[in-house]
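Q: I have a structure open here and want to go through it. Can we start with the charged pairs and then move on to the strands?

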Amino acid sequence: MTDDVTDASTSSGGEADAQSEVDVPARSQDPADVARRLEAILLVVDEPHSLVALAAAVGSPVPVVRQAVEALVADYDGESGGPRRGFELREVGGGWRLYVREEHDDLVSEFVNAQAPSRLSQAALETLAVIAYKQPVTRSQVASIRAVNVDSVVRTLVARGLITELYTDPETGAINYGTTDALLVNLGINSLDELPHISPLLDDGAEGFESEVLR
């Protein structure tokens, strides 16, 4: 009797497990579907992502994702019978990311600058200061210093032409940022060496330490 109950319980558990697996929809591995999922991910990433990372994001094997990436590159470049797009899918530092084509850089910069407000927000100014003093520096390093997410602020500063992508770390794929000549022009200085030394402006904590000693 006990064995029958155990068998029934096991069978019921197995059916439940099987049912739970059935309830989870498997993602299509059709090349067109994989390519569409890749486009959705690539539209929102700010840094190059490796094929392995993209494969994990879209739930497809790496070889399938590699073929989808190659198909997208050919499509955007106009090699599949369609028009050549104003953007491209480019491999940088071992990862893939969408970029505006170089011939449209000036056009996009003019448009973004025309839409942007004339004054920078406090968050943008603080982020710009960190980059100016710490460059080359990654977004994650800036975020660590400011203790807030700086993704949108960095995009704003890039669009305003105050900072630029210097290079991509070959190991991590992280983009390192630095300031541009436009910042020097706006500050009215000839080089970053003319920035005020930041150390005298920082509280070294000596006053608090001395008061604690006196106690």
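**Salt bridges, a strand and a patch**

Q: How many salt bridges does a search of the whole structure find?
A: The search finds 11 salt bridges. Keep in mind that this is a predicted model.

Q: Ok, show me one. Which residue does R155 meet in a salt bridge?
A: The side chain of R155 meets that of D46, at 2.6 Å from N to O. R155 is in helix α8 (residues 151-159) and D46 is in the loop between α2 (31-42) and α3 (51-58), so this salt bridge ties together parts that are 109 residues apart in sequence.

Q: And is D46 buried or exposed?
A: D46 is buried, since its relative accessible area is 18% and the cut-off for buried is under 20%. R155 is partly exposed, at 42% relative accessibility.

Q: Next one. What does R101 pair with?
A: R101 forms a salt bridge with D77, again through the side chains, at 2.6 Å from N to O. The two come from distant parts of the chain, 24 residues apart: R101 sits in the loop between β2 (95-100) and α5 (105-115), and D77 in the loop between α4 (62-76) and β1 (87-92).

Q: What is the relative accessibility of R101?
A: R101 has 3%, so it counts as buried. Its partner D77 is partly exposed, with a relative accessible area of 27%.

Q: Which residues are linked with D77 and R101 in a network of salt bridges?
A: E88 and R90 are linked with D77 and R101 in that network.

Q: One more pair. Where does D151 come in?
A: D151 meets R139 in a salt bridge, with 2.3 Å from N to O between the side chains. D151 lies in helix α8 and R139 in helix α7 (residues 139-146), so the salt bridge ties together parts that are 12 residues apart in sequence. R139 is buried at 11% relative accessible area, while D151 is partly exposed at 24%.

Q: Changing topic: strands. How many residues of β5 are buried?
A: Five of the five residues of β5 (residues 175-179) are buried, so the strand is largely enclosed by the rest of the structure.

Q: Which residues are on which side of β5?
A: I175, Y177 and T179 are on one side, with N176 and G178 on the other, and both faces are covered. The general rule is that side chains in a regular strand alternate between the two faces of the sheet.

Q: Which strand do five bridges join to β5?
A: That is β4 (residues 163-168), and the two strands run antiparallel. In this pairing, T164 stands opposite G178.

Q: How many bridges join β3 to β5?
A: Two bridges join β3 (residues 137-138) to β5, and these strands also run antiparallel. Here T138 is opposite N176 of β5.

Q: Back to β4 and β5. How many residues are between the strands in that hairpin?
A: There are six residues between them, and G173 in this hairpin takes a positive phi near 80°.

Q: Last topic, the surface. Which residues form the negative patch?
A: E102, D105, D106 and E110 form the negative surface patch.

Q: Where is E110, then?
A: E110 is in helix α5. E110 has a relative accessible area of 55%, and it counts as exposed because the cut-off for that is over 50%.

Conventions
Residues are numbered from 1 along each chain as its sequence is written. This is a predicted model: local features need pLDDT of at least 70, side-chain atom pairs count only at pLDDT 80 or more; totals for chains, interfaces and linings use all residues. Side-chain values use heavy atoms; hydrogens and water are left out. A salt bridge is a side-chain nitrogen of Lys or Arg within 4 Å of a carboxyl oxygen of Asp or Glu. Helices (H or I, at least four residues) and strands (E, at least two) are DSSP runs, numbered from the N terminus. Buried means under 20% relative accessible area, exposed over 50%, partly exposed in between (1.4 Å probe, protein chains only). Two strands pair if DSSP finds at least two bridges between them. Patches are made of residues with over 30% relative accessible area and no salt bridge: like charges are joined within 9 Å, nonpolar side chains (Val, Leu, Ile, Met, Phe, Trp, Tyr) within 5 Å. Accessible areas come from the Shrake-Rupley method with a 1.4 Å probe; for residues, only the protein chains shown count as cover. Lys and Arg count as positive and Asp and Glu as negative; His and the chain ends are not counted. The place of a charge is taken as NZ of Lys, CZ of Arg, CG of Asp or CD of Glu.
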